[in-house]
Amino acid sequence: MYSDCFHIFLDTSEFYALKYDFTGENSNSALKILKDICQEGKAIFYINHIIINEVVSDLKKEASIQRKVLKDALTSSPKSSFFRFLNLEDAEIKKRLSKVDTEEVYIKEFETYLKDIKYKMININAVDTNDMFRRYFHEQAPFANKQNKKSEFPDAYAIYSILEYLKENDIEMIVVSRDNDWRKILKTNPKITYKESLNDALGYINENLFIAEECIFENRERVNDLLIRAIEDSDFYLSDEEGEVDSIKEIMPRDIYDIDVLSVMDGSVLASGLVRTEMTLDLSVFDHDNSYYDPEDKKWFVINDRKLTLNVDEIVYFEALITINDNPKDVEIEILNVNQNMPFTVQVYENIY
């Protein structure tokens with residue numbers, strides 16, 4: 001069960017803890033780092049309409065608080081020195097006190113963040129309403145607290161929409177929440193890596209991004225041997241000449257780079273990378289000087305093929321499954337494919353001349 005990158009979902013409690021810092025003016029902002037990782041294609045960010053509506057509601061409350069602060073300052077004494085210090089004109093003060101303007105600014109920042117991060121929406125309609133009411137009347141999490149259980153429906157739908165999504169999709173997901181009910185329900189699910197802060201989640205992602213590279217370079221000789229065997233087992237065809245590859249005389253993996261983590265599961269990392277590889281190939285190619293054309297059969301008959309030895313410098317894509325133990329040198333490595341299981345294309349004359 002592997003996916004193309006990390007999948008991450010944030011509860012409203014984490015947005016609140018991070019003070020809704022959607023603009024990311026601080027380069028160390030956790031929300032900015034998450035956005036950067038998603039834009040690089042290393043993670044996919046998930047959300048549902050419940051979280052969106054809760055965040056928007058909180059932003060409106062925050063806007064109301066900010067208006068009150070400004071209003072109190074405006075009516076305080078000595079107000080003139082306060083606003084002279086802020087260098088605000090009367091028109092700017094009125095603008096900041098405008099309910100619509102302040103709310104629009106905060107909500108626009110959130111909408112822009114979602115647009116930039118290229119989120120995926122989880123459908124809450126997949127949740128079984130009958131099951132929700134069964135949990136409600138049996139006082140099961142998140143309805144265990146009798147006093148607050150009527151207010152827990154948004155959390156219940158948010159939580160179980162994630163579980164329904166994971167049933168239908170063959171992925172693992174990092175879920176970030178500081179809520180005890182979220183923890184109780186989700187932490188034991190084998191398809192969920194539960195983290196209590198986005199910083200913890202980012203640390204987990206970075207740890208796995210770097211560990212694949214470390215394991216490959218700590219075991220470079222073994223990786224080279226595995227790459228050689230995988231390339232030897234691959235098919236080759238000539239793109240610009242009739243003929244075939246008779247044998248591979250030598251394969252020399254050189255530089256490995258662009259190592260990336262595709263997914264993490266049960267102590268294993270699926271990683272991809274590129275390796276610059278020098279190959280020496282023995283070829284048999286169609287030789288017009290040693291062939292004749294039969295006009296009745298309308299085909300060429302080859303008397304003798306032309307034998308060539310070709311040196312090829314190839315950039316080879318590979319995927320490796322790394323099972324990690326305590327020590328980066330104590331790992332199991334398996335090359336799952338090279339060149340995406342496609343035949344290698346050899347251009348004869350480009351490499352001769």
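Student: What does glycine 41 do just after α2?
Tutor: In this predicted model, glycine 41 takes a positive phi of about 80 degrees, just after helix α2.

Student: And α2 itself, which of its residues are buried?
Tutor: The helix covers residues 30-39, and its buried residues are Ala30, Leu31, Leu34, Lys35, Ile37 and Cys38.

Student: Where do those buried residues fall, seen down the axis of α2?
Tutor: They fall within an arc of 160 degrees, so the buried residues line one face of the helix.

Student: OK, on to the largest nonpolar core: how many residues, and which have the most contacts inside it?
Tutor: That core has 101 residues, and those with the most contacts inside it are Leu34, Phe45, Met173, Trp182 and Leu198; Leu34 is also one of the buried residues of α2.

Student: What does tryptophan 182 touch?
Tutor: Leaving out residues up to four places away in sequence, tryptophan 182 touches Phe9, Asp11, Ile51, Asp155, Ala158, Ile159, Ile162, Val175, Ser177, Lys187 and Tyr194.

Student: Switching to rings, how many aromatic pairs are there?
Tutor: The count comes to twelve aromatic pairs. In the pair of tyrosine 16 and tyrosine 20, the ring centres are 6.4 Å apart and the planes stand at 75 degrees; with over 60 degrees counting as edge-to-face, this pair is therefore edge-to-face.

Student: Is tyrosine 16 buried or exposed?
Tutor: Tyrosine 16 is exposed, with a relative accessible area of 59%, whereas tyrosine 20 counts as buried at 11% relative accessibility.

Student: Which residues form the aromatic cluster with them?
Tutor: Tyr16 and Tyr20 form one aromatic cluster with Phe15, Phe22, Phe45, Phe110 and Tyr113, and Phe45 is also among the residues with the most contacts inside the largest nonpolar core.

Key: Residues numbered from 1 in each chain as written. Predicted model: local features only at pLDDT ≥ 70, side-chain atom pairs only at ≥ 80, totals over all residues. Heavy atoms only, no water. Buried < 20%, exposed > 50% of the residue type's maximum accessible area, 1.4 Å probe, protein only. Helix = DSSP H or I, 4+ residues; strand = E, 2+ residues; numbered from the N terminus. Arc of directions from axis to C-beta. Core = buried A, V, L, I, M, F, W, Y, C linked by side-chain atoms within 4.5 Å. Contact = heavy atoms within 4.5 Å. Phe/Tyr/Trp six-rings, centres within 6.5 Å; stacked < 30°, edge-to-face > 60°.
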